[in-house]
Structures are given as C-alpha cells and as structure tokens.
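Here are a few exercises to work through with the model open beside you. Try each task before reading its solution.

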Amino acid sequence: MKIKRAIALTALVAAAAGISPLAVAQDSGWYIGAIAGKSNFKDCTAPNCDDSDTALGIFGGYQFHKNFGAELGYTDLGKTSAPGFFDAEASGFELVGVGTFPINERFSLYGKLGFFRWDVDSGGLSDSGTDLTYALGVQWNFTKQLGFRAQYQMYKDIGDSATTGTTDVDVIGVGVVFKF
C-alpha cells in the first residue's frame, strides 16, 4: 500500500510542477552531481548513541521539461552506533521524480519523491528493502553547466524491525550539479 500511495503522490507532484504559471524556461537535458552532508539517524534510544555521521552521494538525471525530471543516485548514509549495543551502516540506491519550480534563470526550488533501495549492515546481520524518500531543496546555477544545491532529504523506515530495527534518516547537505 505504501508503494501505491508514493506512486500516486509522485504523479501528483509532477503534474502540479508541470502547470506552474510562474516558471521560467530552463534547458532540458542530462546532468550529474555529488552531494555531501550530515545524516541523522532517528529513534536511537540506546545509551551513548552516536546518531549522526557524514552522508555522501552521487546522482545523475534527466530534465524532461523545465518543471520535471528524474534522478538515479547512490547514497552512503554513514553509520550509527551505541558502544556495547550495536554498530550499523546504511547505504543504497534511489530513484526519484524531481519537480522543479524556477524562480528566475539562476535560482530554482525543487522537490524529490521516490524510492530508496537500502542495505543495512549491523554486527554481521544484513537487511535490505525498499522504502520512500523525499527531499526539498534550492539550486543556484553559476553558469548554464554548473550549479550549487542545498537540500533536506528524508529516508523513511530504513532497516528491519525484527533484526536491526527501523529508523528514519534525514540528511542536510550541499552539492554540485554539472549539466551537459
């Protein structure tokens, strides 16, 4: 049921972005990028829990229209640990739709909605699954080919409650985008 709701919400965001009357023309085409930031693993209740780490990601995408694109990326969310209790690392691939709202030729707001295929390794145990991810961000284009991003992204229900436990992970990051 989660997947059907996420697909419907992705379609709704794309449709809303496509009919934006204030949008300024933006080139379509391929792009690649990288992002780095701080990850925060929610719901860590163990004593002395270290619930934040560095997150790193790479992505590539295609801007189909000035208001809609799609991205495929890989993100290493880092690790969370509590001495004597657990040590877990999370990473995975994401496929998201991107709704863009250009403010002017250089500045735009964007939102992402899609799926994150995660893998969690914890003390010899490994879990994997697919869950929802979404993001809000801003992009400032230095030139037609080079841009800067700042974004907040949430990864929902990472982990398996029976073995490693589930948690939401949020990432606040900055990155670069190269369009070609």
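**Exercise 1.** Are K112 and E71 buried or exposed?

*Solution.* Before we start: this is a predicted model, so local features need pLDDT of at least 70 and side-chain atom pairs count only at pLDDT 80 or more, while totals for chains, interfaces and linings use all residues. Residues are numbered from 1 along each chain as its sequence is written, and side-chain values use heavy atoms, with hydrogens and water left out.

Step 1: get the scale straight. Buried is under 20% relative accessible area, exposed is over 50%, and partly exposed is in between (1.4 Å probe, protein chains only).

Step 2: apply it. K112 is buried, and E71 is buried too. For E71 the relative accessible area is 3%.

**Exercise 2.** Work out which charged partners E71 has, and where they sit along the chain.

*Solution.* Step 1: recall the general idea. Side chains of opposite charge can pair when their charged atoms come close. The cut-off for a salt bridge is a side-chain nitrogen of Lys or Arg within 4 Å of a carboxyl oxygen of Asp or Glu.

Step 2: take K112. Its side chain meets that of E71 in a salt bridge, 3.0 Å from N to O. K112 belongs to strand β5 and E71 to strand β3, so this pair ties together parts that are 41 residues apart in sequence. (Strands here are DSSP runs of E with at least two residues, numbered from the N terminus.)

Step 3: take R149. E71 also forms a salt bridge with R149, with the closest N and O atoms 2.9 Å apart. That one links E71 in strand β3 to R149 in strand β7 (residues 146-158), 78 residues apart. R149 counts as buried as well, at 4% relative accessibility.

Step 4: put it together. E71, K112 and R149 are linked in a network of salt bridges.

Step 5: check what the two positive ends sit over. The charged end of K112 is over the ring of F59, 5.4 Å from its centre, and the charged end of R149 is over the ring of Y110, 4.7 Å from its centre. The test is NZ of Lys or CZ of Arg within 6 Å of the ring centre and within 35 degrees of the ring normal.

**Exercise 3.** How many salt bridges does a search of the whole structure find? Then describe the one that K42 makes.

*Solution.* Step 1: the search gives 4 salt bridges.

Step 2: K42 pairs with D170, the closest N and O atoms being 3.2 Å apart. K42 is in the loop between β1 (29-41) and β2, and D170 is in strand β8 (residues 167-179), so the pair ties together parts that are 128 residues apart in sequence.

Step 3: compare the two ends. K42 is partly exposed at 31% relative accessible area, whereas D170 is buried at 9%.

**Exercise 4.** In what order do the 8 strands close into a barrel? Trace part of the pairing.

*Solution.* Step 1: the order is β1-β2-β3-β4-β5-β6-β7-β8, with antiparallel pairing. Two strands pair if DSSP finds at least two bridges between them.

Step 2: go from β2 to β3. Strand β2 (residues 52-65) joins β3 through 9 bridges, antiparallel, and G73 in β3 is the bridge partner of F59.

Step 3: carry on to β4. Strand β3 (residues 68-82) and strand β4 (residues 86-102) pair over 14 bridges, antiparallel, with K79 opposite E89 in β4.

Step 4: finish at β5. Here 15 bridges join β4 to strand β5 (residues 107-122), S91 stands opposite D119 in β5, and the two strands form a hairpin with 4 residues between them.

**Exercise 5.** Which element gives the largest share of the largest nonpolar core?

*Solution.* Step 1: define the set. A nonpolar core is made of buried Ala, Val, Leu, Ile, Met, Phe, Trp, Tyr and Cys residues joined through side-chain atoms within 4.5 Å.

Step 2: list members. The largest one has 12 residues, among them F41, L77, W118 and Y155.

Step 3: sort by element. β4, β5, β7 and β8 each give two or more residues, and β5 gives the largest share, 3 residues.
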